[in-house]
Amino acid sequence: MTAIVHMDKINKHFGNLHVLKDVELDVAAGEVVVIIGASGSGKSTLIRCVNGLEEFQGGSIEVDGQSLIPHGKSHRALKTIRTEVGMVFQQFNLFPHMKVRDNVSLAPIKVRGSDRATAERQADTLLERVNILEQADKYPGQLSGGQQQRVAIARSLAMEPRLMLFDEPTSALDPEMIGEVLDVMRELAREGMTMMIVTHEMSFAREVADRVIFIHQGAIVEQGRPEEIFDHPQHPRTQSFLARVLKH
């Protein structure tokens, strides 16, 4: 299958801290890759490098034919990548002064030049897709955390992305709201959306992933199908991590 993401020996430093160490990873079109590991292992930094939110200092990244090089010197490629890659963060990053429909329709109007009526119709379609159309005329502050995160997903989908990045999208939610966001992500997986997902939700990872990546101290130490990683981990670090997280 065609690789949408190709990462070749990515190295990332924060000062003297070596955060990513010679990371090599391909993500195929239609593949759901779930990245797991302890806090501080480099998971979020890895996916933030894919759309240029973090600069890297060594290696190269190719995203849907656009090449990123070290030190952020890829301005033209970044502009293209950011129109084709959606990202959902831990925090929702919605505009509080704009109604839900306007939050979702803004990027197609500003970036793709869509007329307002078309963009708003598309926004309503997407809000219905994430089961929140009835909240279209409310402001983000009037919604629950789970509802706001579903709006954030709809906003990313409005750009018709080829790839979706999820950076621990349920970590800021109350437990009872997590399921409604994961349900939307499950549906995207069933529809064939290419996704890279950083999450601590292990049962969700087992269910939706085509491949699970385990990162330890900035390096990929093991990867495979969910049943291989969760039922028969080979690396001692993977075994130790899963022994801790799966018993809770």
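Analyst: Two strands count as paired if DSSP finds at least two bridges between them, and the model discussed here is a predicted one.

User: What makes β1 and β4 a pair of strands?

Analyst: Between β1 and strand β4, which spans residues 58–63, there are 5 bridges, and the two strands run antiparallel. Since the requirement is at least two bridges, the 5 found here satisfy it, and the two strands are therefore called paired. As one example of the residues involved, Val-5 has Val-63 in β4 as its bridge partner.

User: Which strands make up the open sheet, and why are β2 and β5 called its edge strands?

Analyst: The open sheet is formed by 4 strands in the order β2-β1-β4-β5, with antiparallel pairing. β2 and β5 (66–68) each pair on one side only, and that is what the term edge strand expresses here. Ignoring direction, neighbouring strands of this sheet are turned by 15° against each other on average.

User: Which helices pack on the sheet, and which strands do they touch?

Analyst: Helix α1, residues 43–50, packs on the sheet and touches β1, β2, β4 and β5, its direction making about 60° with that of β2. Helix α2, residues 75–84, also packs on the sheet, where it touches β4 and β5, and its direction makes about 120° with that of β5.

User: How do you know that Glu-24 and Lys-9 form a salt bridge, and which parts does the pair tie together?

Analyst: The N to O distance between the two side chains is 3.2 Å, and because the cut-off asks for a nitrogen of Lys or Arg within 4 Å of a carboxyl oxygen of Asp or Glu, the pair qualifies. Glu-24 belongs to strand β2 (residues 17–28) and Lys-9 to strand β1 (residues 3–14), so the contact ties together parts that are 15 residues apart in sequence. Glu-24 has a relative accessibility of 41% and Lys-9 one of 44%; partly exposed is the class between 20% and 50%, so both residues fall in it.

User: Why is Arg-190 called exposed, while Glu-187 is called partly exposed?

Analyst: Arg-190 has a relative accessible area of 58%, and because exposed means over 50%, Arg-190 belongs to that class. Glu-187, at 32%, lies between the limits of 20% and 50%, so Glu-187 is partly exposed. The two residues form a salt bridge with their closest N and O atoms 2.7 Å apart, and both lie in helix α6 (residues 175–190), 3 residues or about one turn of the helix apart.

User: What makes the contact of Arg-225 with Glu-227 a salt bridge?

Analyst: The closest N and O atoms of Arg-225 and Glu-227 are 3.2 Å apart, and because this is within 4 Å, the contact is counted. In addition, Lys-12, Arg-48 and Glu-54 are joined into one network by salt bridges that share partners. The search of the whole structure finds 15 salt bridges.

User: Why is Asp-167 said to have no salt bridge?

Analyst: The nearest side chain of opposite charge belongs to Arg-48 and is 4.6 Å away; because a salt bridge requires a distance within 4 Å, the pair does not qualify. Asp-167 is nevertheless buried, a class that means under 20% relative accessible area. Asp-167 is found in strand β7, residues 163–167, and, apart from neighbours within four places in sequence, its contacts include Ser-44, Ile-47, Arg-48 and Val-198.

Terms used:
Residues are numbered from 1 along each chain as its sequence is written. This is a predicted model: local features need pLDDT of at least 70, side-chain atom pairs count only at pLDDT 80 or more; totals for chains, interfaces and linings use all residues. Side-chain values use heavy atoms; hydrogens and water are left out. Buried means under 20% relative accessible area, exposed over 50%, partly exposed in between (1.4 Å probe, protein chains only). Lys and Arg count as positive and Asp and Glu as negative; His and the chain ends are not counted. Contact means heavy atoms within 4.5 Å. Axes are lines fitted to C-alpha atoms, for helices over the stretch in contact, and angles run from 0 to 180 degrees between N-to-C directions.
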